Amino acid sequence: MPGGQVSAAPQLAAALALAAAWIVLGVAGLAALQRFVLVARVLFPAGAAVAIALVVVALPAVWGTPQTAVLPIGLPGLPFHFRLDALSALFLMVIGGAAAGVSLFSAGYFRRAEGTPPGLLCFQYHVFLAAMALVVLADDAYAFMVMWETMALASFFLVTANHRSAEIRRAGYLYLLIAHLGAIAILLCFGVLQANTGDYSFANMRLQNLPPFWASIAFVLALVGFGAKAGLVPLHVWLPEAHPAAPSPVSALMSGVMLKTAVYGFLRVAYDLLPAQIWWWGVLVLAIGLVTALFGVVFAAVQSDMKRLLAWSSVENIGLIFAGIGLALLFAAYGMDAVAALALTAALYHVASHAFFKSLLFIATGAVLHATSERSLGRLGGLMRVMPWVGWATLLGVLASAGLPPLGGFVSEWLLLQSFLFTPHLPNSFLNMLVPAVAALIALVAALAGYVMVKFYGVVFLGQHREEKLAGAHDAGPWERTGMLWLMAGCVALGLLPAQGLDVLAPVTTMLVHASLTTLAGGNWLLVPVSIERASYAPLFFLAGVAASFALAFFLVRRLYHGRVRRAPAWDCGHPWQNARMQDTAEGFGQPVRQIFEPLFRMQRELPTAFDARPRYAVEVGDHFWHWLYLPAARAVEATARFVGRLQQGRIAIYLLYSFATVIALLVWVTR
Amino acid sequence: MSGLALQFINLLAALLLLLAFAMLAQRRILSLIHLYTMQGVVLVAATAAMGYVSHQPHLYVSAGLTLALKVFLIPWLLHRVIDRLNVRWDIETLINIPTTLIVGIVLVIFAFNLAQPISELSASVARGTLGIALACVLLSLMMMITRSKAVPQVIGFLALENGLFFAATAATYGMPMVVELGIALDVLVGILILGVFLFQIRQQFDSLDIRHLEKLKDE
Amino acid sequence: MSALGFAAQLLEILAALALAPLFLGWVNQCRAWLQSRRGPGLLQPYRTLHKLFNKDSVLAERASPLFRAAPYLVFGCMTLACGIVPTLSTELPLSPAADAIALVGLFALARVFVSLAAMDIGTAFGSLGARREMLVGFLAEPALLMVLFTTALISDSTSLTTIVRTLSAREVGIQPSLALAAVALVMVALAENARVPVDNPATHLELTMIHEALVLEYSGRHLALMEWAAALKLFAYACIGIALFVPWGVAGAHAPLALLAALPLLLAKLALGGFLLALLETLSAKMRIFRVPEFLGMAFMLAVIAMLVNLLLGAPGR
């Protein structure tokens with residue numbers, strides 16, 4: 001690398017070096033394939049250190065001017081372009097922040113004798129991390145696609161780490177298939193964006209002033225391509241299959257971080273590479289985002305496997321993020337930059353907070369899985385008493401995920417609802433009535449998220465043990481606790497210090513929509529997006545208010561009365577005997593949602609009759625999209641394949657004939 | 001003072017819309033008739049208030065006519081019909097009420113937007129309520145579509161006429177007297193014919209379910 | 001922020017803490033009168049609380065620390081909620097900390113903890129109550145938010161003090177959008193506070209109960225705090241109704257005299273509101289649990305229509 005470029009781009013060089021360090025760690029793991037202690041206790045913590053360093057490096061770059069570099073690797077004549085600007089710096093921070101916690105957790109998580117050798121897992125894991133970091137740094141389509149595919153492949157191998165199970169192989173295959181459909185769409189999108197100039201660098205794409213028609217085509221391709229990776233309806237089917245199949249830290253990375261690279265790519269294309277926004281793009285993205293959010297949360301409510309539940313909840317959160325992006329597109333298209341910045345801030349804030357709380361929840365399920373080797377909600381319960389560390393950590397993640405104040409999830413929801421309140425100012429009379437009504441959907445999704453999280457937490461951690469063996473479950477070890485603490489700190493910080501968070505986001509929104517929120521209006525502790533008369537929120541005061549009344553109530557009750565406690569068997573309206581099977585099951589908890597949103601599900605129920613000696617009730621909830629979209633598509637592909645298959649005769653002479661005919665045809669065509 | 005009266009008219013308009021929604025969600029035929037009567041009362045009040053605001057005495061006449069026709073005569077006729085047909089407590093299963101209501105909300109948004117350019121042409125003080133009147137018309141039409149029994153369909157038709165009447169009052173201070181009388185007569189004759197029609201269906205099929213009419217088509 | 005503001009804030013929280021059981025007693029008394037009973041008297045909730053605080057708290061053997069912390073937390077949430085709804089003055093130091101959306105979040109936080117605590121013991125009733133509470137919650141929350149949004153669109157603000165200031169500045173009259181929103185709020189309040197058409201506060205029949213199932217395992221001071229918090233929640237909802245729909249008489253900034261006048265006025269409004277609530281409860285019958293989604297769907301629709309009507313007819317005073 002030429003020296004002048006390094007001095008001009010110190011943070012970029014450092015970020016690239018850190019990504020390279022991840023790859024080195026991975027290769028080291030490959031060298032020490034079976035040396036479990038080295039891999040787990042040295043390489044993974046070192047990976048966490050690299051992740052933290054990445055956050056430290058990326059933070060100042062948010063405010064800095066964009067830095068670029070050209071690395072002569074890859075094909076001759078096609079060097080990799082890299083660029084570090086506010087948007088990539090923000091996503092680097094998200095990647096580093098979440099990855100640090102997950103890596104620390106992984107140091108204590110991966111065990112001996114779990115199928116794939118630890119060194120190989122370490123290699124795949126770190127290549128996955130490095131690829132994600134490089135995706136957000138890439139500055140030409142070539143580098144972007146190489147990194148994008150590396151990321152997809154690394155995560156595919158991680159998903160199929162336990163490849164002896166047929167179900168997991170199937171999930172991995174589905175994931176790979178949809179990831180590649182998406183990649184094709186992205187490739188085509190870049191093809192449109194370079195506008196026949198033959199120069200695939202992003203810098204060139206920014207200069208092309210595409211006509212609205214081609215811009216729209218590029219936009220829709222980007223939506224399909226990145227939507228497939230992000231899990232937007234109807235391209236979401238792989239997500240609830242693949243995310244639960246992976247080992248828990250990998251699920252955490254995929255849900256918490258990898259989905260965000262899709263958000264990054266979409267933002268990069270929609271705001272940075274395309275010249276201007278058109279209003280119906282915003283409507284389209286908003287509609288898809290809202291449908292995705294509702295779909296995700298409703299399906300999460302009826303799941304009975306804890307990791308699938310969390311995966312569906314990721315679909316919901318991605319939906320909310322895209323709803324925010326869509327709203328921002330809508331405002332930006334009408335030139336309302338300040339409000340667009342508000343909506344975009346909400347989306348980006350949710351990107352960060354979702355990265356932390358979803359990673360936290362997924363690694364917590366990993367701890368539960370290790371302690372109990374159970375994933376099904378029907379066989380868990382009461383873990384709070386035997387695994388208090390994991391229990392409290394998950395409680396925090398659950399509260400953040402349910403969008404409750406004063407944690408991170410609430411801040412983004414609050415900002416999103418605030419930006420919805422500006423829609424009556426839109427110059428399109430139809431939209432300015434429809435969109436505020438749609439805000440109700442956001443509220444419904446948020447409230448349902450609370451429902452889902454109460455179900456998740458209540459069934460796994462509260463109540464009685466549904467199986468005898470759960471009483472012997474062990475709590476998480478020190479490495480795992482450290483990882484959880486890191487992610488918990490992230491959730492709390494994002495929740496309590498939103499004004500500082502907005503400060504970091506301001507340069508990003510300035511870059512994308514040429515406006516930012518004036519964060520200083522309310523000082524350091526008050527979140528004031530527009531003006532203090534309009535709206536304000538101060539999570540610290542909020543927390544102080546609740547905590548003060550909590551403490552006062554506690555001390556006054558002790559002082560004026562007493563603090564005596566007696567322990568006795570549970571009352572339960574006087575029922576003399578109670579057992580764990582009398583508790584509500586996960587299916588039971590999901591029943592109201594199944595009933596209210598019945599049209600969204602494809603349900604197969606098996607009901608007992610009055611004369612059954614051993615009555616059995618079973619319900620299976622399916623996804624309409626399988627039957628409406630995927631199975632017909634698969635049948636069409638199969639039919640085509642059968643048709644093409646007729647060419648296959650199995651005789652070498654015939655294949656030679658094909659080659660011969662092709663050569664003749666080509667010769668005729670060339671010499672014509 | 002006229003500001004307050006205008007507010008009153010707006011309130012009545014909102015009530016009218018609310019009643020239209022209530023009719024859309026109502027299962028019982030008797031309650032439907034009560035809702036229809038209430039709509040009539042609201043309409044009378046709105047017309048009278050409009051007359052007061054705009055100093056148009058003919059609106060008082062039209063309010064009186066509405067009172068006689070839509071609050072007393074037609075509900076009485078309907079009561080007699082359902083008594084004679086013995087469908088007083090009939091409960092009708094509808095297609096999923098929440099879905100109907102959500103479609104209803106979309107219709108309202110549509111109507112409001114449709115009415116905005118029209119109401120700008122109008123000189124009436126209450127032109128803002130034109131959108132509500134249009135929404136009532138659309139909701140009543142939707143009610144007619146979603147019902148499978150004959151009596152609720154007739155009520156839907158009458159509610160539709162209420163919406164039209166309110167639209168006329170809101171946009172242009174009511175129609176000319178002759179037209180209004182003509183429509184009143186039309187409605188009256190219409191309901192009589194429909195009454196006869198209902199008895200005929202009943203005799204023919206022993207039920208008021210209009211799905212039976214599907215058998216009449218030529219194969 | 002002036003000393004007066006702090007005084008108003010403190011007065012408001014203390015008034016809420018003191019008046020909430022009285023309000024509950026008043027509603028119960030009115031119900032008794034309407035049903036031709038003598039009733040236990042206005043002060044019965046205080047006596048109950050005092051009795052419960054004196055008793056030992058009996059905890060189930062399986063209870064986790066979450067179970068013991070939840071009553072204090074829920075109580076704290078409800079106290080804060082009463083503190084940020086402007087009932088006496090529009091100059092409240094706590095008001096910038098939480099706006100209308102945060103208020104909804106606060107109720108959600110309390111609801112989640114109540115439900116989690118109910119699931120903690122692992123009895124059939126607890127988890128059933130938790131499920132129903134969350135069901136009512138996820139249907140009522142959007143409706144409540146839409147009601148608040150209607151007023152927020154009128155006043156171009158989600159700050160509760162600004163909303164009240166704007167709404168109390170307009171002339172006395174009935175705005176159609178506000179009327180619809182008020183009906184929606186009443187429906188939401190009935191559902192959220194476990195009042196009659198949705199839940200019966202006086203029943204112990206497992207087929208119907210929601211609130212009672214949630215607090216079934218609590219006793220002694222924990223139960224007292226839970227019941228006090230429930231009273232505070234009812235009080236907070238009454239105050240939201242008053243603040244949004246009959247805000248006249250709330251003291252503005254720098255008006256110590258108005259602050260003094262605001263308290264009796266609030267009492268009068270609460271007395272009337274409580275009577276109407278009792279009347280409504282007496283006149284309506286408890287509905288089946290599966291009708292509740294329809295009921296709340298209606299509330300939600302009303303709130304959405306309120307917002308649309310507001311957008312169509314324009315904001316009042318403009």
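Visitor: Which side chains meet C:Asp56 and A:Arg564 style, in a salt bridge, and at what N to O distance?

Guide: Here's the general idea: side chains of opposite charge can pair when their charged atoms come close. The rule used here asks for a side-chain nitrogen of Lys or Arg within 4 Å of a carboxyl oxygen of Asp or Glu. The side chains of C:Asp56 and A:Arg564 fit, at 2.7 Å from N to O. Keep in mind that this is a predicted model, where local features need pLDDT of at least 70 and side-chain atom pairs count only at pLDDT 80 or more, while totals for chains, interfaces and linings use all residues. As for bookkeeping, residues are numbered from 1 along each chain as its sequence is written, chains are lettered from A and ligands numbered from 1 in the order in which they are written, and side-chain values use heavy atoms, with hydrogens and water left out.

Visitor: How many salt bridges are there between chain A and chain C?

Guide: The count for chain A and chain C is 4. Over all chains, the structure holds 23 salt bridges. One to look up inside chain A joins A:Asp85 and A:Arg268, at 2.9 Å from N to O. A:Asp85 sits in the loop between strand 2 (80-84) and helix 4 (86-109), and A:Arg268 is in helix 11 (residues 248-273) of chain A, so this pair ties together parts that are 183 residues apart in sequence.

Visitor: You keep saying helix and strand. How many of each does chain A have?

Guide: Helices (H or I, at least four residues) and strands (E, at least two) are DSSP runs, numbered from the N terminus. Chain A has 24 helices and 5 strands, and chain C has 11 helices and 1 strand. Reading chain C along its sequence gives α-α-β-α-α-α-α-α-α-α-α-α.

Visitor: Which strand of chain A pairs with strand 1 of chain C?

Guide: Strands pair if DSSP finds at least two bridges between them. Strand 3 of chain A and strand 1 (residues 57-60) of chain C do this in the parallel sense, over 4 bridges. For instance, A:Val565 has C:Ser57 as its bridge partner.

Visitor: How do I read an interface, and what area do chain A and chain C bury between them?

Guide: The size of an interface is often given as the accessible area lost when the parts come together. Buried area here is the accessible area (1.4 Å probe) that two parts lose on being put together, summed over both. For chain A and chain C that's about 6,800 Å², with 71% of it on carbon and sulfur atoms. In chain A, the residues that lose the most area to chain C are A:Leu421, A:Tyr561 and A:Arg567, together 9% of what that side buries. Counting contacts (heavy atoms within 4.5 Å), 77 residues of chain A touch 76 residues of chain C.

Visitor: And how many residue pairs are in polar contact between chain A and chain C?

Guide: A polar contact is a pair of N or O atoms within 3.5 Å; within protein, one must be able to donate a hydrogen and the other to accept it, and residues adjacent in sequence count only if both atoms are side-chain atoms. Between chain A and chain C there are 33 such residue pairs, both at pLDDT 80 or more. Several elements give two or more residues to chain A's side, including helix 18 (431-461) and helix 21 (539-560). Helix 18 gives the most, with 16 residues. By class, chain A's side divides into 50 nonpolar, 18 polar and 9 charged residues. Ala, Val, Leu, Ile, Met, Phe, Trp, Tyr, Cys and Pro count as nonpolar, Asp, Glu, Lys and Arg as charged, and the others, Gly among them, as polar.

Visitor: What does the contact of chain B and chain A bury?

Guide: About 520 Å², 74% of it on carbon and sulfur atoms. Chain B's side has 3 nonpolar, 2 polar and no charged residues. The contact takes 5 residues from each of chain B and chain A, with 0 salt bridges and 0 residue pairs in polar contact.

Visitor: Where is the cis peptide bond to A:Pro406 found?

Guide: A:Pro406 is in the loop between helix 16 and helix 17 of chain A. The bond from A:Pro405 to A:Pro406 is cis, with omega near 5°.
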